[in-house]
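Reader: I have a structure on the screen and do not know how to read it. Where should I start?

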Amino acid sequence: MTATATKDAGPAASAPTQLTMAGALNAALRDAMAADDRVIVYGEDVGPLGGVFRITDGLQAEFGEERIWDSPLAESGIIGTAVGMAMYGMRPVVEMQFDAFSYPAFEQIVSHVAKMRNRTKGRVTLPMVIRIPCAGAIGGVEHHSDSSEAYWASTPGLTVVMPSNPADAYSMLREAIESDDPVVFMEPKSRYWAKAAVALPVTTAPMDRAEVVRTGTDVTLLAYGPTVRTALEAAEAAEQEGLSIEVVDLRTLSPFDDETVGASVRKTSRAAVIHEAAQFGGYGAEVAARVTERNFHHLAAPVLRIAGFDIPYPSPKLEEHQLPTADRILAALDTWEWDA
């Protein structure tokens with residue numbers, strides 16, 4: 001296998017059809033592999049089985065075992081070989097299968113994937129994508145449901161993204177694969193089967209931009225991945241009580257889109273960030289601090305965090321109590337002094 005690029009013009013645009021996020025990711029991988037023979041896919045059970053969540057379904061039959069194959073059950077080895085392949089011009093896309101399964105590869109990702117460009121003064125790039133199914137609401141136990149985004153987002157050298165809908169899933173994965181720098185591509189498992197009308201191939205906002213998905217005037221809810229839907233549910237319920245909520249889908253966790261977020265917060269003067277991970281040391285802590293530092297004189301109240309509890313991920317029977325809900329969001333907003 002050589003690292004010589006062979007690209008085609010890509011598929012023609014189709015009519016909009018109902019597509020799940022899983023289907024959008026599958027289509028993105030298929031189109032990327034068809035467009036560039038440097039793109040290879042591997043991981044645990046991604047070959048004939050098509051992955052635990054069927055994201056790679058049918059790809060091995062179409063592209064062969066040299067382009068997509070099953071790896072050993074060794075996440076450190078998966079990442080380590082991807083580093084070597086990317087250094088020599090390939091564009092590997094690897095799957096960690098479940099979020100907590102990525103931890104055995106932590107040293108490879110933090111010490112090598114994130115630092116290679118800096119270590120070589122820009123001479124060596126690592127065009128690789130690390131796909132991580134993440135978060136909860138699927139009835140999985142602790143090793144199969146976790147929210148590890150803060151680890152990766154706090155590591156300089158990594159781009160960290162988390163789409164919330166099928167169109168973004170397709171567009172952002174294509175963009176991630178074409179990036180010359182490593183991307184941790186986090187996929188909220190609870191959203192795999194969410195459907196939307198999408199005309200493929202689709203190009204949404206650039207990967208480094210947040211997006212206002214609902215406009216409002218009183219509060220800005222900052223969400224990403226699985227909590228975007230929760231924030232929208234809270235905004236709809238609040239509307240019945242006369243509260244106008246704006247929802248911003250962060251989309252990319254690192255780098256952070258200060259411009260879009262700041263414009264929304266300065267308009268509403270109040271903000272809350274929602275995520276499934278534990279609150280203490282979670283990604284929302286950085287968002288709250290960043291929003292406060294850059295918009296302090298526009299804020300009418302402290303930035304709130306509505307998050308999972310500071311406990312190990314609970315059993316499936318207790319999961320619904322751990323995850324943020326629309327009711328918890330609205331209850332948190334009620335703690336503000338609204339006459340201030």
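Author: What follows goes through a sheet, a helix, the pockets, a cavity and two single residues. Keep in mind that this is a predicted model.

Reader: Start with the sheet. What holds the strands of a sheet together?

Author: Strands in a sheet are paired by backbone hydrogen bonds, and the pairing is either parallel or antiparallel. In this structure there is an open sheet of seven strands with mixed pairing. Its order is β3-β2-β4-β5-β7-β6-β12.

Reader: Which strands stand at the edges, each with a single partner strand?

Author: Those are β3, residues 68-70, and β12, residues 252-254. Because each has a single partner strand, one side of each is left without a neighbour in the sheet. From one strand to the next, the twist averages 20°.

Reader: How is β12 joined to strand β6?

Author: By two bridges, with β6 (residues 159-161) and β12 running antiparallel. To find one of these places on the screen, look for Val-160, whose bridge partner in β12 is Ser-254.

Reader: Which helix packs on the sheet, touching β2?

Author: Helix α1, residues 21-35. Besides β2 (39-43), helix α1 touches β3, β4 (91-95) and β7 (183-188). The direction of α1 makes about 135° with that of β2.

Reader: Which residues of helix α4 are buried?

Author: In α4, residues 106-113, the buried ones include Gln-108, Ile-109, Val-110 and Val-113. The buried residues of α4 pack against α3 (75-87), α5 (116-119), β5 (129-134) and α6.

Reader: Now the empty space. How is it found?

Author: A probe the size of a water molecule is rolled over the atoms, and this shows where empty space is left. Here the largest pocket has a volume of about 340 Å³. It is lined by 19 residues, and the closest to its centre are Asp-146, Ser-147, Tyr-151, Ala-277 and Ala-278.

Reader: Which elements give two or more residues to the lining of the largest pocket?

Author: They are α6 (149-153) and β13 (271-278). Sorted by class, the lining of the largest pocket has ten nonpolar, five polar and four charged residues.

Reader: What is the volume of the second largest pocket?

Author: About 190 Å³. The elements that give two or more residues to its lining are α6, β12 and α10 (283-295). Of these, α10 gives the most, with three residues. The residues that line the second largest pocket include Ser-254, which is also the bridge partner of Val-160. By class, this lining divides into six nonpolar, four polar and two charged residues.

Reader: How many cavities of 30 Å³ or more are there?

Author: The count comes to one. The largest cavity holds about 60 Å³ of space. Among the residues lining the cavity are Cys-134, Met-162, Tyr-224 and His-275. The lining divides into six nonpolar, three polar and two charged residues, and β13 gives the most, with three residues.

Reader: Strand β13 has come up with a pocket and a cavity. Is β13 largely enclosed or largely open?

Author: Strand β13 is largely enclosed by the rest of the structure, because seven of its eight residues are buried. Strand β10 (residues 219-223) pairs with β13 in the parallel sense over three bridges. Four bridges join β13 to strand β14 (residues 304-308), and these two also run parallel. Look at Val-273 in β13: it is the bridge partner of Leu-222, and it stands opposite Arg-305 in β14.

Reader: Where is Ser-147, and is it buried or exposed?

Author: Ser-147 is in the loop between β5 and α6. Its relative accessibility is 16%, and buried means under 20%, so Ser-147 counts as buried. Leaving out residues up to four places away in sequence, Ser-147 touches Ala-135, Glu-276 and Ala-277. Ser-147 also helps line the largest cavity.

Reader: What about Pro-201: where is it found?

Author: Pro-201 lies in the loop between β8 (195-198) and β9 (211-214). With a relative accessible area of 31%, Pro-201 is partly exposed. Its C-alpha atom is separated by 8.5 Å from that of Asp-31, although the two residues are 170 residues apart along the chain.

Key. Residues numbered from 1 in each chain as written. Predicted model: local features only at pLDDT ≥ 70, side-chain atom pairs only at ≥ 80, totals over all residues. Heavy atoms only, no water. Pairing = 2+ DSSP bridges. Axes fitted to C-alpha atoms, helices over the stretch in contact; angles between N-to-C directions. Contact = heavy atoms within 4.5 Å. 1 Å grid on protein atoms, 1.4 Å probe; cavity = no way out; pocket = protein on both sides within 12 Å on 5 of 7 lines; lining within 4 Å. Points joined across faces, edges and corners; volume = space filled by probe spheres on them. Nonpolar A, V, L, I, M, F, W, Y, C, P; charged D, E, K, R; others polar. Buried < 20%, exposed > 50% of the residue type's maximum accessible area, 1.4 Å probe, protein only.
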